[in-house]
Amino acid sequence: MSFDTIIRGARVVTPAGVTRCEIGISSGRIAALGLSLGDATKVIEAEGLIAMPGGIDSHVHISQPSGPGIEMADDFSSATRAAVAGGNTTVLPFCLPEEGQSLRDAVAAYHAKAAGQCHCDVSFHLIVKATDPITLGQDLPALIAAGHTSLKVFMTYQGLALSDREILEVMSVAKAQGALVMVHAENEDAIEFLRDKAEREGNTDPLFHARTRPVPVEREATHRAITLAEIVDVPLTIVHVSNGESLEEIRRGRARGAKVFAETCPQYITLTAEDLDRAGFEGAKYVCSPPPRAASDWQAIWSGICNGDFELFSSDHCPFRFADPAGKDAPGARKSFRNIPNGIPGVETRLPILFSEGVSKGRLSLERFAALTATNHARLYGLKDKGAIMVGMDADIVLWDPEMTREIRQDDLHHGSDYTPWEGFTVLGWPVRTILRGETVMQDGDVQGAPIGSHIARSAPEVLL
Ligand code: DUC
Ligand code: ZN
Ligand code: ZN
């Protein structure tokens, strides 16, 4: 048998373990794993490298409406360019309707924005911010049936936050239609109370973004979200878990039988609230929600990453430019942290940070790294052909050089933001080649070729099958 491509010499990370074998690729799929596979049109010599499933980042924000005058730093072209440079082959952005726009029209607009622009595959989660009969009775069922099998609800942010009653209404549609619910768990009333108080007392610097969203705000909402999901009996992902107390609520929910999944992100093992206290206005670069916590919280997050409490390690890439009145330097942002857009860039640095801090430092096996960064994302969100190096799957593969040391520098990154929160952070291990459905889309930092990424309609989440 002859293949389109053979990858030769790599250590290959499969769901069954790490093995030294060749990978035969035909028509964009993994056609064989074995020894001495024979001929191919193209041979990729990968001696000394590790072949992993291409990263799936199931939590990114691209071209998302962010309020009057505010603009996200990435469109689909720049975000997916950054994604493949960082070893990813699929990203899942959120589709948020504009003011007054229906969910169905918002999804159509996202498809139009993404078409022909993507360097990796994409698939959209839905954000449900309205619970009118058209959204819940028509748009949501139709969109779920069309392969948008996950949706996010917010418990914070004016204009986005749903009441408990509304969350229950959305959850019951998700249950009936076979979708997974994702929740941003922070208590809006508590934040508003703390924020008003901080402003009254003249505490308006970026640091007070973190001080007004303390751990109990997230812990309480996490408990409440799980409770609501138990009432409806629907599976739930708690996204961007930042601390051990919220994780403890997740463990307690699971012990009661709740179907709850947990995601964390690089910012919760590498950044702290002190970063928001950097001199001048620099702290604004680290404003995201939930905020980075104390270094002592990193240990609780690491335990969850290592022991399997977290299924997902995502970036929550939500990029704004720093030196930009349409970004972090928005009107009023220097007067109060309230006006600083929430979110940090990270799609390109997620995998190297976890590889270095996890695998290279001996905390994580290669298999667990692959599960946290690709396989579990595919299973949970219904990407049935992706997320594992197995015969029959899409040939979405990233080759890692585990010996390469790199200093993360904005100048080397591909995203549209003008900074990285990890400037100067040194990592050991770097993705050197990204292969999307058999085609090399990044080699040695160069993003190659026309954008061949497509939107993928997803199946039901595995937990619902
Ligand atoms: N929630 C996210 O998921 N991303 C960025 C900002 C936010 O609040
Ligand atoms: Zn969120
Ligand atoms: Zn997010």
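The largest pocket of this predicted model has a volume of about 1000 Å³. Of the 41 residues that line this pocket, S66, G67, Y157, Q158 and L160 are the closest to its centre. Strand β12 (150-154) and helix α5 (188-200) each supply at least two residues of that lining, and α5 gives the most, with three residues.

The second largest pocket holds about 190 Å³ of space. Its lining consists of 16 residues, and A378, R379, L383, K384 and E462 lie nearest the centre. Here is how the two linings divide by residue character:

| Pocket | Nonpolar | Polar | Charged |
|---|---|---|---|
| Largest pocket | 16 residues | 15 residues | 10 residues |
| Second largest pocket | eight residues | four residues | four residues |

Let's turn to the metal. Which residues coordinate the zinc ion (ligand 3)? The donors are H59 (NE2), H61 (NE2) and D316 (OD), at 1.9 to 2.0 Å. Along the chain, these donors follow the spacing H-x1-H-x254-D. H61 and D316 link distant parts of the chain, 255 residues apart: H61 sits in the loop between β8 (55-60) and α1 (76-85), while D316 sits in the loop between β16 (312-313) and α11 (350-360). Both H61 and D316 are buried. The zinc ion (ligand 3) also has the zinc ion (ligand 2) 4.1 Å away.

Next come the strands. Seven of them form an open sheet with mixed pairing, in the order β3-β2-β7-β17-β18-β19-β20. Which strands stand at the edges of the sheet? They are β3 (17-20) and β20 (446-447); each has a single partner strand, so one side of each is left without a neighbour in the sheet. Elsewhere in the order, β7 (residues 50-53) and β17 (residues 397-407) run antiparallel and are joined by four bridges. In this pairing, I50 stands opposite W400 of β17.

There is also a hairpin to look at. Strand β4 (residues 22-26) pairs with strand β5 (residues 29-34) in the antiparallel sense, over five bridges. S26 has R29 in β5 as its bridge partner. Two residues lie between the strands of this hairpin, and S27 takes a positive phi near 50°.

Finally, the aromatic rings. The count of aromatic pairs comes to nine. In one of them, the rings of F154 and Y157 have centres 5.9 Å apart and planes at 55°, so this pair is tilted. Are F154 and Y157 alike in burial, or do they fall on opposite sides of the 20% cut-off for buried residues? F154 is buried, with a relative accessible area of 4%, whereas Y157 counts as partly exposed at 23% relative accessibility. Y157 is also among the residues closest to the centre of the largest pocket.

F369 and W400 form an edge-to-face pair, at 5.7 Å centre to centre with 90° between the planes. This pair too links distant parts of the chain: F369 belongs to helix α12 (residues 366-381) and W400 to strand β17, 31 residues apart. F369 is buried, with a relative accessible area of 1%, and W400 counts as buried at 0% relative accessibility. W400 is thus a residue to look at twice, being also the one opposite I50 in the sheet. Another aromatic group is the cluster formed by F76, Y110 and F124.

Notes. Residues numbered from 1 in each chain as written. Chains lettered and ligands numbered in written order. Predicted model: local features only at pLDDT ≥ 70, side-chain atom pairs only at ≥ 80, totals over all residues. Heavy atoms only, no water. Pairing = 2+ DSSP bridges. 1 Å grid on protein atoms, 1.4 Å probe; cavity = no way out; pocket = protein on both sides within 12 Å on 5 of 7 lines; lining within 4 Å. Points joined across faces, edges and corners; volume = space filled by probe spheres on them. Nonpolar A, V, L, I, M, F, W, Y, C, P; charged D, E, K, R; others polar. Donors = N, O, S within 2.8 Å, 3.2 Å for Na, K, Ca; no water. Buried < 20%, exposed > 50% of the residue type's maximum accessible area, 1.4 Å probe, protein only. Phe/Tyr/Trp six-rings, centres within 6.5 Å; stacked < 30°, edge-to-face > 60°.
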